[in-house]
Amino acid sequence: TGKTETTKDLARALALPCYVYNCSDQMSYLTMADIFRGLSQTGSWGCFDEFNRIPIEVLSVVATQVKTVQDAIVLNAVIANRDPEYQDKPPGKEEEEEEG
């Protein structure tokens, strides 16, 4: 019904890379962790086709992984909750190195 194409088109319109993964019953929580690690390191979107093929045991672990990430984002959105060295930094930005 066009969900994957819509997601890819939206990512393209926002100038964000989007990777499509065809899920299977062979995927483990480690496979999913590797995918999430890569997506988060690159700032890319992930689109999971046939997500329903992933075993329920794996989906349970994935749900916990996603919830942990979401909780960290919410916690660190409040400046006072961040480590002191990061409280003066804008969210989502790395400090740029000075040349010279």
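This passage walks through helix α2, the pocket beside it and a handful of individual residues in a predicted model.

Helix α2 makes a handy starting point. It runs over residues 29–42, which gives it 14 residues. From first C-alpha to last the helix reaches 20 Å, close to the 20 Å expected at 1.5 Å a residue. Its buried residues are M32, A33, I35 and L39. Looking down the axis of α2, these buried residues fall within an arc of 165 degrees, so they line one face of the helix. The background here is familiar: an α-helix has 3.6 residues a turn, so residues three or four places apart point the same way. As for partners, the buried residues of α2 pack against strand β1 (18–22), strand β2 (45–49) and helix α3 (56–77). Over on the other side of α2, the picture flips, with L30, Q41 and T42 exposed.

Both ends of α2 have some local detail to offer. At the start, S28 points a side-chain oxygen to within 3.2 Å of the backbone nitrogen of L30, and L30 is one of the exposed residues on the other side of the helix. Just after α2 comes G43, which takes a positive phi of about 75 degrees. Next up is S44, in the loop between α2 and β2. S44 has 9% relative accessibility, so it counts as buried, the cut-off being under 20%. Its side chain makes a polar contact, at 2.7 Å, with the side chain of T42, a residue that is itself exposed. Setting aside neighbours within four places in sequence, S44 is in contact with P17, Y19 and L39. Of these, L39 is among the buried residues of α2.

L39 turns up again in the second largest pocket, as part of a lining made up of F36, R37, L39, S40, Q65, V66, V69, Q70 and I73. About 260 Å³ of space lies in this pocket. Helices α2 and α3 each supply at least two residues of the lining, and the largest share, 5 residues, comes from α3. So L39 has a place in three parts of the story: it is buried in α2, it touches S44, and it lines the second largest pocket.

Two residues other than glycine also have positive phi values. For A15, phi is near 60 degrees. A15 sits in the loop between α1 (3–13) and β1, and with a relative accessible area of 68% it is exposed. For E50, phi is near 55 degrees. The loop between β2 and α3 is where E50 lies, and at 39% relative accessibility this residue counts as partly exposed.

Finally, there is T4, which lies in helix α1. T4 has a relative accessibility of 16% and therefore counts as buried, since the cut-off is under 20%. Not counting residues up to four places away in sequence, T4 touches V20, C47 and D49. V20 falls within the 18–22 range of β1, while C47 and D49 fall within the 45–49 range of β2. These are two of the elements that the buried residues of α2 pack against.

Terms used:
Residues numbered from 1 in each chain as written. Predicted model: local features only at pLDDT ≥ 70, side-chain atom pairs only at ≥ 80, totals over all residues. Heavy atoms only, no water. Helix = DSSP H or I, 4+ residues; strand = E, 2+ residues; numbered from the N terminus. Expected span 1.5 Å × (residues − 1). Buried < 20%, exposed > 50% of the residue type's maximum accessible area, 1.4 Å probe, protein only. Arc of directions from axis to C-beta. Contact = heavy atoms within 4.5 Å. Polar contact = N/O pair within 3.5 Å; in protein donor to acceptor, adjacent residues only side chain to side chain. 1 Å grid on protein atoms, 1.4 Å probe; cavity = no way out; pocket = protein on both sides within 12 Å on 5 of 7 lines; lining within 4 Å. Points joined across faces, edges and corners; volume = space filled by probe spheres on them.
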